[in-house]
Amino acid sequence: MPAVDIVIVNWNAGSQLKDCIESLFLHEQALLGSVTIVDNASVDGSADFCRTDARVRLIEPGRNLGFGTACNLGTAGGDSDYVLFLNPDTRFLRPTLASVVAFMERPESAQIGVCGIRLVGEDGTTSNHCARLPSAMTFLNLSAGLSKFWPATFKPVELVEFDHEHDSTVPHVMGAFFMIRRALFDAIGGFDETFFVYYEDLDLSLRVQQRGYAIQYLASESVFHRTGGTSRTARAKALSYLFESRLVYARKHYGILGRSIVGVGIFLVEPVRRIGHGLLSGSGEQVRETIKAMRRLLAILFGGHADRT
């Protein structure tokens, strides 16, 4: 059975990174090709143990490259037929890769380019992590908050209508567990490094389908995935990165009208909504975070740089 190269991008994942790697070698030793950790200038020492662990390859570029660029760097050192992009906050609970690879190796799966599986939280429930390819109006509805309150009418990016309890071909599977054929990954040029973080996996999924390949979700296999969101100290940065990547996605895939719609949502609708909500709810923190995020976004777009740590 073909081997799988594992690529994990680490940024201050704490003890979760080691737990993830230990679970890999406990349950998946037989199918592992290379196991590469690209550390994006972590300051918490989470990747220190990798320097003395001969089972893994540690790449330390010395700065935060962003997710897609780091993934491309990590992929370049392997040669297995499959590459699995894995988040450091995942953990294997039992042997899983053999079933996924066996599915991909079936003759009838020849046009399946990417495979994802169930992501299970601490309470045992399956997270909602498959997604649709967004239109400009999808992003505008998201900026306006319509997708949150009326998801049946204003479809969010996430496939909230999909129960994730059965196998299905889907437009996109979350990058926490994203297995792709190496030949396909190379053919489409890997991740677009224009994205720093967010939406680079959606962009990759779109290009996979433009090549005539499908994306499969398998409910029969699962890994643990810790959820919890961005730390409070990084919310403004995360928000600015999110806005930046929406603009990159729109510029790449939409026409002038679509790009304008996304821009209106980011620069007018969403800041007003967030600041208004913060004022009405008495959350000065939300107001400050929104203003800080917009300033960072403008610095990125017009100053050409921002603190990426």
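This is a short walk through one chain, from model confidence to strands, helices and two loop residues.

What you have above is a predicted model. The protein chain has an average pLDDT of 93, and 96% of the residues score at least 70. One stretch does worse: over residues 229-233 the pLDDT stays under 50. For that stretch the model has five contacts beyond four places in sequence.

I will take the strands first. Strand 1 covers residues 4-10, and seven of its seven residues are buried. Which residues point which way? Val4, Ile6, Ile8 and Asn10 point one way from strand 1, while Asp5, Val7 and Val9 point the other way. Residues on both sides are buried, Asp5 and Asn10 included. Strand 1 pairs with strand 2, residues 32-39, in the parallel sense, and there are six bridges between them. For a concrete position, look at Ile8, which stands opposite Ile37 in strand 2.

Next is strand 6, residues 112-120. Nine of the nine residues of strand 6 are buried, so the rest of the structure largely encloses it. Strand 6 has two pairings to point out. With strand 11, residues 214-225, it runs parallel, joined by eight bridges. With strand 10, residues 177-181, the pairing is antiparallel and has two bridges. Cys115 takes part in both pairings: its bridge partner in strand 11 is Gln216, and its bridge partner in strand 10 is Met179.

Now the helices. How many of the nine residues of helix 2 are buried? Helix 2 spans residues 67-75, and the count is eight. The buried residues are Phe67, Gly68, Thr69, Ala70, Cys71, Asn72, Gly74 and Thr75. The cover over them comes from several elements, including strand 1 and strand 2, which we have already met, as well as strand 3, strand 4, helix 6 and helix 7.

Helix 7 also has a contact with helix 8. Helix 7 is residues 200-210 and helix 8 is residues 235-253; their axes come within 10 Å and cross at roughly 20°. Angles under 35 degrees count as roughly parallel, and helix 7 and helix 8 are therefore roughly parallel to each other. From helix 7, the residues in the contact are Leu202, Asp203, Leu206 and Arg207; from helix 8, they are Tyr249, Lys252 and His253. By class, that makes three nonpolar, one polar and three charged residues. On the helix 7 side, the spacing of the contact residues recalls a general point. An α-helix has 3.6 residues a turn, so residues three or four places apart point the same way.

Last, two residues in loops. Ser109 sits in the loop between helix 3 and strand 6. Is Ser109 buried or exposed? Its relative accessible area is 2%, and because the cut-off for buried is under 20%, Ser109 counts as buried. Apart from its neighbours within four places in sequence, Ser109 is in contact with Phe103, Met104 and Arg181. Of these, Phe103 and Met104 fall within helix 3, residues 97-105, and Arg181 falls within strand 10, residues 177-181.

The other loop residue is Phe196, between helix 6 and helix 7. Phe196 is buried too, at 9% relative accessibility. Phe196 and Lys292 are 96 residues apart along the chain, and their C-alpha atoms are separated by 18 Å.

Note on methods. Residues numbered from 1 in each chain as written. Predicted model: local features only at pLDDT ≥ 70, side-chain atom pairs only at ≥ 80, totals over all residues. Heavy atoms only, no water. Axes fitted to C-alpha atoms, helices over the stretch in contact; angles between N-to-C directions. Helix = DSSP H or I, 4+ residues; strand = E, 2+ residues; numbered from the N terminus. Parallel < 35°, antiparallel > 145°, perpendicular 65-115°, else oblique. Contact = heavy atoms within 4.5 Å. Nonpolar A, V, L, I, M, F, W, Y, C, P; charged D, E, K, R; others polar. pLDDT = per-residue confidence, 0-100. Buried < 20%, exposed > 50% of the residue type's maximum accessible area, 1.4 Å probe, protein only. Pairing = 2+ DSSP bridges.
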